[in-house]
Structure formats: structure tokens, C-alpha cells
Amino acid sequence: MAKGLDDITDARSVIGETLDKFNWDLKLLNIDIHGHPETAFQEVYAHDAITKFLETLGYMVQRSTYGLATSFEVEVGSSGRLVVFCAEYDALPQIGHGCGHNLIATSSIAAFLGAAEALKRSGRPGRLRLLGTPAEEAGGGKARLIDAGAFPKDISAAIMAHPVCARQIFNEPFSGHTGLAALKFIATHMFKTEFRGKSAHAAGEPWNGVNAFDAAVAAYNNVALLRQHIQPEDRIHAVMEVGGTVANVIPDYTRMSWMIRSPTIERSTKLLERVKKCIESGATASGCELNYIESPTYLNLTSNKTLCEVYVDEMASFDQKVMLQQEKPMNASTDMGNVAHAVPSFHGAFVVPTAPDVSLHSSDFAKAAGTDEAHEVALKCASGMAMMAMRVLLDDKVAEGARWDFENNHGW
């Protein structure tokens, strides 16, 4: 029978030893995922690489879980409270891992391995689960997983962290902080629009055509006019996915992709109504038919005070200076916001070393996400997340505090 841990200090020691033990193997996995970027719901290589890695360590892995081909699940423990680590691994089209999801996967896997070993040696009740969550960048993988039952209400904590550039979250990027606990993002409505018209020879008889490109251009211009009348925190962006074929044919079909963001889902929904009027006016003016293709909505990401405070405390024990609350807004969105509204959750941030002008969703950040330095900061973050999980499992006050904050202190 495994020797019980004397106190939480022993858990820190076990986690540190475990992450050191698997550091090289985790680095190889990280590099492998980084070198094979895959977009939403197409993360076949990453899914297989991660599940094979875990299976070689002796874990029983469930593949293609909850109706999603590139999701997976592995769990240890059989009783007690449940903590879930969320692993993302999708990439951006053409850019690759410009959002660093290879590092998210690595940090969550490492945190699971460290906490699993500490829990095993403790002999205490508790359950730890590593959940593969595909399609964060587009498609709302976690929203679909929630609907499929992957996040039951009895979860004590859902945990993950995201790589960032220092200047994007700190007023003073060189303050010595290596991460942030209470990262907050805004809500997003995502959808596509299809405009259907009638093709004709653009020179010979354009009057016999109904121009779907005109509908898209008019819709975009209408929204551009709207932008001066929205709140400073709001965001509206769109791209043309299909815009016609050749210039001498009146396009009979165009498709656009849209994102409507605001600090709360209520404000985002009101803004969505205004945007749709602009889009519908473009369709009306051009005489085209309009169809909406809806995607899952991303709720605003909230922070759990208890979990954030525990993370800051635990990272300090690993000689890492982490800021508790966000001092600089970052108007991005994530489907982890949906999880944060479903169960007590933690979504922190860790700083990846980059040049001063680098930002997320860029090829430069994709390069930075594949460096040894990025891997090392991901593992340091994993140590703190693993200890946070252990504190939730072993300390009633922490678990009760996280639950109370989730139910009563969402606005923190």
C-alpha cells in the first residue's frame, strides 16, 4: 500500500519529481503536436499522439469520446471529489499553433500526470480526469462537450491555462510576473452568412443577374458604419470565405464568417441583433436570399476567486510570481467560458518569451510556442495546476470555497 502523504508539502515534492521524470517525453510530445498543426475537429494526429503517449504510461484511455472523433478521456481514482484538466490541441488555418495550443495540451497533460502520482501516493480519495477538448478556435468543442455530458455538475474544478505574450496582459511586461491567475475573456457569437443570387454574364447582360457579392459587400459596409456607434469593448469582425470565381460572371453565391464580441453574453446578443439588421439590409438591397449558419456561442470567461488564490500561492512555492487579477483587458474569447458557467473553473495564463511586437494568432507566436523556453514555462504552470487540483481534492475548505465562489461570486 502506498505511503500516505504527511502534508501538502509532500504533494509538491512528488509533483516536482514526476514532472522532472517526464520532462523529456513531454517535450517530445509537445514538439510533435507543434509540428503537426490541425484545425478544428481535424486534430487526428494530436489525438492519436496524446492517447498513445498516455497508453504507454499504463493509462486506460477512452478515444473519440462524447461523440467527437478527436476528443479523449482518461481518469484515475474511484471515489471522492472530481477535478478535470482540459487539454486543447487545435491550431489555426495557415498559421499553425499561433495560439499555442500545443502548450495547453502539454501543460494539462503534465498537470494530470503530476497530480495523479501525488494522489496515488497519498492513498486519499479523489478523482482526476484529463479531457481532450478539440475545436476551441472554431466550432465550440467544449460547448458541444457540455451538451454531451462531459462536464457534470458535481465537478469540483475544471482546470487549464493559456500561453500569452506579456505585453497583452500586463501594463508593465517586465515586472517579473510569469503568469496571471484570473484571466477574463469576453463573450462571442459566431456564425456564417450565405447570400444566394443569380449568375449572368457580367458584361453581356448583367441586368439578368442577382449579385451575391454585392450583398456581402453591402453587409460588410453596413457593419463598418455601425462600428462607430458601438461600445469601446465591443468587437465585430468578418472575412469573406467564398466571393465568386471569375470577374466576368455575376456571383450567385458568397459566404462570410462573422464574430460578434462583447464583455457579457447579454451585451453580445444585443449587438448581434444590430449586426443582423445590417446584414439583412445588404441582402434586401441586392435582392439576394440570406441564410445563417449558426455556431456555438462562447460565454464570457469568469474567474473563481478561491482557485485563483490557490494557484498564486502554489506557484509562489515553485518560485513563480503570478499576478492574481488582470490589470489589462484582453478582448479575446474561449469556449472555456461556457465551462466556467457550468462548473467551478480555472483558466489562467502563462507568459511565453517573445519579441516585444509579437501577438497571439501570428506566425511569430507559432514559432515561439515551439521553443524550449515555451515548454519550460508550460511545465512550471503545470506544477501549479497540479497542486491546485490536489488542494481541491484534499482540502475541504478549498473545495467548498471554489463551489461558493462559483455559485455566489461570478462577478469577481
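**Exercise 1. Locate P206 and describe its surroundings.**

Solution. Step 1: P206 sits in the loop that joins strand 7 (187-196) to helix 6 (212-226). Helices (H or I, at least four residues) and strands (E, at least two) are DSSP runs, numbered from the N terminus. The structure is a predicted model, in which local features need pLDDT of at least 70 and side-chain atom pairs count only at pLDDT 80 or more, while totals for chains, interfaces and linings use all residues. Residues are numbered from 1 along each chain as its sequence is written, and side-chain values use heavy atoms, with hydrogens and water left out.

Step 2: P206 has 31% relative accessibility and therefore counts as partly exposed. Buried means under 20% relative accessible area, exposed over 50%, and partly exposed in between (1.4 Å probe, protein chains only).

Step 3: When neighbours within four places in sequence are left aside, P206 is in contact with H201 and I250; contact means heavy atoms within 4.5 Å.

Step 4: From P206 to G67 the C-alpha to C-alpha distance is 47 Å, and the two are 139 residues apart in sequence.

**Exercise 2. Describe the packing of helix 1 against helix 2.**

Solution. Step 1: Two packed helices are described by the angle between their axes and the distance between the axes. Axes are lines fitted to C-alpha atoms, for helices over the stretch in contact, and angles run from 0 to 180 degrees between N-to-C directions.

Step 2: Helix 1 (residues 8-34) and helix 2 (residues 44-56) cross at roughly 170 degrees, and their axes come within 10 Å. Helix 1 is therefore roughly antiparallel to helix 2. Angles under 35 degrees count as roughly parallel, over 145 as roughly antiparallel, 65 to 115 as roughly perpendicular and the rest as oblique.

Step 3: On the helix 1 side, D25, L26, L29, D32 and I33 meet Y45, A46, A49, I50 and F53 of helix 2. By class, this contact of helix 1 with helix 2 holds eight nonpolar, no polar and two charged residues. Ala, Val, Leu, Ile, Met, Phe, Trp, Tyr, Cys and Pro count as nonpolar, Asp, Glu, Lys and Arg as charged, and the others, Gly among them, as polar.

**Exercise 3. Apply the same description to helix 8 and helix 11.**

Solution. Step 1: The axes of helix 8 (residues 305-317) and helix 11 (residues 372-394) are 9 Å apart, and the packing angle is about 125 degrees. Helix 8 is therefore oblique to helix 11.

Step 2: L307, V310, Y311, D313, E314 and M315 in helix 8 meet residues of helix 11, including K380, G384 and R391. The contact of helix 8 with helix 11 comprises nine nonpolar, one polar and four charged residues.

**Exercise 4. Examine F41 and H361 for their phi values.**

Solution. Step 1: Most residues other than glycine have a negative phi, and most peptide bonds are trans.

Step 2: F41, found in the loop between helix 1 and helix 2, has a positive phi near 65 degrees. F41 counts as partly exposed because its relative accessibility is 27%.

Step 3: H361 lies in the loop between strand 12 (345-351) and helix 10 (363-368), and its phi is positive, at about 60 degrees. With a relative accessible area of 40%, H361 is partly exposed.

**Exercise 5. Count the disulfides and examine C165.**

Solution. Step 1: A disulfide is a pair of cysteine sulfur atoms within 2.5 Å, and by this rule the count is zero.

Step 2: C165 is in no disulfide, the nearest cysteine sulfur being that of C99, 9.8 Å away. C165 counts as buried, at 1% relative accessibility.
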